[in-house]
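Biologist: I am new to this structure. Please show it, and then I will ask what stands behind each term.

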Amino acid sequence: MLPLSLLKSSTTLPLLVELKSGTTYNGRLTSCDTYMNINLRDVVCTSKDGDKFWKLNECYIRGSSIKYLRLPEEAVERAKKEEQEGGRQWSGNNNGD
């Protein structure tokens with residue numbers, strides 16, 4: 001399972017993003033691209049020191065500024081399911097039908 005497919009299967013799930021600067025964003029994934037640029041909605045941003053908070057309707061985070069992502073377990077389950085469904089579709093096309 002590739003990291004990008006795991007991230008794409010996490011759409012609508014809550015996730016935590018920590019930037020290289022130490023700022024964290026908690027929100028629901030709206031979309032992502034091949035550079036791991038992501039869009040979040042219903043976001044709570046926390047300062048590096050943890051003493052300031054901001055509530056945002058939505059935000060865009062550039063992939064190159066991300067230190068790490070924390071995804072819920074459900075994301076892994078979804079990715080596995082999507083991978084299996086994709087594998088069935090591919091194997092069905094190889095039967096000569």
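Modeller: Of the 97 residues of the protein chain, 31% count as buried. This is a predicted model, in which local features need pLDDT of at least 70 and side-chain atom pairs count only at pLDDT 80 or more, while totals for chains, interfaces and linings use all residues. Residues are numbered from 1 along each chain as its sequence is written, and side-chain values use heavy atoms, leaving out hydrogens and water.

Biologist: Why is Glu18 called buried?

Modeller: Buried means under 20% relative accessible area, exposed means over 50%, and partly exposed lies in between (1.4 Å probe, protein chains only). Glu18 has 15% relative accessibility, so Glu18 counts as buried.

Biologist: Is Lys67 buried or exposed, and how do you know?

Modeller: Lys67 has 54% relative accessibility, so Lys67 counts as exposed.

Biologist: What makes Glu18 and Lys67 a salt bridge?

Modeller: A salt bridge is a side-chain nitrogen of Lys or Arg within 4 Å of a carboxyl oxygen of Asp or Glu. The N to O distance between the side chains of Glu18 and Lys67 is 3.7 Å, and therefore the pair satisfies the definition. The pair links distant parts of the chain, with Glu18 in strand 1 and Lys67 in strand 5, 49 residues apart.

Biologist: How many salt bridges are there by this rule?

Modeller: The count comes to three. One of them joins the side chains of Arg41 and Asp42, at 3.0 Å from N to O. Arg41 has 34% relative accessibility, so Arg41 counts as partly exposed. Asp42, with 43%, is partly exposed as well.

Biologist: What separates Arg78 and Glu74 along helix 2?

Modeller: Arg78 and Glu74 are separated by about one helical turn, because they are four residues apart in helix 2 (residues 73–93). They form a salt bridge, with the closest N and O atoms 3.7 Å apart.

Biologist: How do you know what counts as a helix or a strand?

Modeller: Helices (H or I, at least four residues) and strands (E, at least two) are DSSP runs, numbered from the N terminus. The protein chain has two helices and five strands, and from the N terminus on the elements run α-β-β-β-β-β-α.

Biologist: What makes two strands a pair?

Modeller: Two strands pair if DSSP finds at least two bridges between them. Seven bridges join strand 2 (residues 24–32) to strand 3 (residues 38–46), so these two strands pair. They run antiparallel, and Tyr25 stands opposite Cys45 in strand 3. Five bridges join strand 1 to strand 2, again antiparallel, with Leu15 opposite Gly27 in strand 2. Strand 1 and strand 5 pair in the antiparallel sense over four bridges, where Leu69 in strand 5 is the bridge partner of Val17.

Biologist: What is the order of the strands in the open sheet, and why do strand 4 and strand 5 have one side without a neighbour?

Modeller: The open sheet of five strands has the order 4-3-2-1-5, with antiparallel pairing. Strand 4 (53–61) and strand 5 (66–70) stand at the edges with a single partner strand each, so one side of each is left without a neighbour in the sheet.

Biologist: Why is strand 1 described as largely enclosed?

Modeller: Five of the six residues of strand 1 (residues 14–19) are buried, so strand 1 is largely enclosed by the rest of the structure.
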